[in-house]
Amino acid sequence: MHRTDDLKYLLVWLVPIFGFAGFYFQSWMSPGSFYLAFIGIPILESFLPVAHFNFKENDKVIRAQSKLFDVLLYLNLPILYALLCYFVYILTTQSIHVSTWIFLVLNMGILIGVLGINVAHELGHRKHWFDQLIAQLLLTPALYMHFTQEHNYWHHKYVSTPDDPSSARKNETVYVFWIRSIFGVLKNAFKLENRRLKSKGFHFFHWSNKLFIQILIQSTYLILVLYFAGITPLISVIFAAFIGILLLETINYIEHYGLVRHKLINGLYQIPDNSHSWNSDHTLGRIFLYELTRHAHHHEKADVKYQNLDSLKRSPQLPYGYPACLLISLIPPFWFKLMNPRITSTK
C-alpha cells in the first residue's frame, strides 16, 4: 500500500511538460522548464510551509522495498531522450531565430540537469548493475559520465575539505567554483580510474578503462547527432550539456558552501557529519529534486533511497529552497551577505 502523499513525486512530470511546451510553442514559451524551475517554484515556496516530517523506521523498511519510487526514477530515461530527440528534430526541420534558439538550448539544458544528472546522482549511489546502467545513460546527454565515480569515491570521502573540488569555500564566487569544480572532478576521475586499474594489475591504457569507454560512448552520441542532424544541432546539444553541468555545479556550490571539516591532531580530517552539508526542507524543491535537498542525511548515509531521507534539524539550514538559492548565488555580494553569517552560526 502506498500513501496518497507518495504521489507527490508525480509533480516532477511538470518539468518535462513545461519543457515540451517550450519546444512546441516556442516564442515567449521557449524557456519552458526555466519558468517552472526558477520562477514558479521559488514564488510558490515563499508561501508554502517548510516540511520537516520524517517517516518512522518501520515505514521506511516498506518504502525502501517499494518499486514505485524506483519506477518513477527509471521513467526519466525515456522521457529525457524523447525530449532530446524532439529538440534535435526541431533544430533540423525549422528555421529558428537566434533568441529563440538560445532559450530552447536553456530549456534543454535544464531538462538534462533535472531529469538527467539529478536522477543519475540518485541511481549512481546504488549497487545494482541496472541502476548503474540507467545512471550512465542519463549522464550521456550531459557529457558527464565520469561524475558517478568521482562523486561516490572522492566527493563523499573528502567533502568540505580543501581536497574536494566540489565543496565551495567561504567567499568563493560561484563562477570561480565552476572552473575549479569541473576541472577538479575530471582530474580526480582520472586519478580514481588509474588507481582502480593499478589495483587489478592493468596499465592506464587498458581496454577496460571506464573513462575511455565513457568518452567513446559520448563521442558516438555527438557523432550521431552530427551525422543525422547537422552542425547546428551538434553545437546545440553541446551547449545544452554545458548548461546541465553548470546547473549541477551550482547545486554543488550551495550544498556545502563555506562548511569545513577541520584537521585533527593526528593530521586526519574530522569524520564528516550532518554539520558539513546544508539542508533544505522547502517542499517543492524536495519533490522536484527527489529529496536531494535533504543533503545532510544523504552524506551521512549515501545508500539511503531518496524517499527515506530525513530532515536533520541539527544540520545547517538554507534560508530558501534550492531554486531560489541557485539564483541568489549568481549574485555573489547578495549570496555572501545571506550565507556568511549562517556559516559562523554552524561552528
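Here is a short dialogue on reading a few features of this predicted model.

Q: Let's start with charges. How many salt bridges does the structure hold?
A: The general idea is that side chains of opposite charge can pair when their charged atoms come close. In this model there are 11 salt bridges.

Q: Which residue pairs with Lys60, and what does that pair tie together?
A: Lys60 forms a salt bridge with Asp310, with the closest N and O atoms 2.6 Å apart. Lys60 sits in helix α3 (residues 57–65) and Asp310 in the loop between α13 (295–300) and α14, so the pair ties together parts that are 250 residues apart in sequence.

Q: Are Lys60 and Asp310 buried or exposed?
A: Use relative accessible area, where under 20% means buried. Lys60 comes out at 9%, so it is buried, and Asp310 at 13% counts as buried too.

Q: Where does Asp70 lie, and which residue does its side chain meet in a salt bridge?
A: Asp70 meets Arg126, at 2.7 Å from N to O. Asp70 belongs to helix α4 (residues 68–74) and Arg126 to the loop between α6 (98–124) and α7, so this pair links parts that are 56 residues apart in sequence. Asp70 is buried at 4%, and Arg126 is buried at 10%.

Q: And the salt bridge of Arg294, where are its two partners?
A: The side chain of Arg294 meets that of Asp281 at 2.9 Å, N to O. Arg294 is in the loop between α12 and α13, while Asp281 is in the loop between α11 (231–256) and α12, so parts 13 residues apart in sequence are tied together. Both residues are buried. Look at Arg286 as well: this residue of helix α12 (residues 283–288) touches Asp281 and Arg294, among others. Arg286 is itself buried, at 10% relative accessibility.

Q: Now for empty space. How much of it lies in the largest pocket, and which residues are closest to its centre?
A: Rolling a probe the size of a water molecule over the atoms shows where empty space is left. Here the largest pocket holds about 500 Å³ of space. Of its 21 lining residues, Gln132, Gln136, Gln149, Lys210 and Gln214 are the closest to the centre. Helices α7, α8, α9 (174–199) and α10 (210–229) each supply at least two residues of that lining.

Q: Last one, the backbone. What is the phi of Gln26, and where is Gln26 found?
A: Gln26 has a positive phi of about 55 degrees, although it isn't a glycine. You'll find Gln26 in the loop between α1 (14–25) and α2 (33–45), and it counts as buried at 13% relative accessibility.

Notes. Residues numbered from 1 in each chain as written. Predicted model: local features only at pLDDT ≥ 70, side-chain atom pairs only at ≥ 80, totals over all residues. Heavy atoms only, no water. Helix = DSSP H or I, 4+ residues; strand = E, 2+ residues; numbered from the N terminus. Buried < 20%, exposed > 50% of the residue type's maximum accessible area, 1.4 Å probe, protein only. Contact = heavy atoms within 4.5 Å. 1 Å grid on protein atoms, 1.4 Å probe; cavity = no way out; pocket = protein on both sides within 12 Å on 5 of 7 lines; lining within 4 Å. Points joined across faces, edges and corners; volume = space filled by probe spheres on them. Salt bridge = Lys/Arg side-chain N within 4 Å of Asp/Glu carboxyl O. Lists of a residue's contacts leave out its neighbours within four places in sequence.
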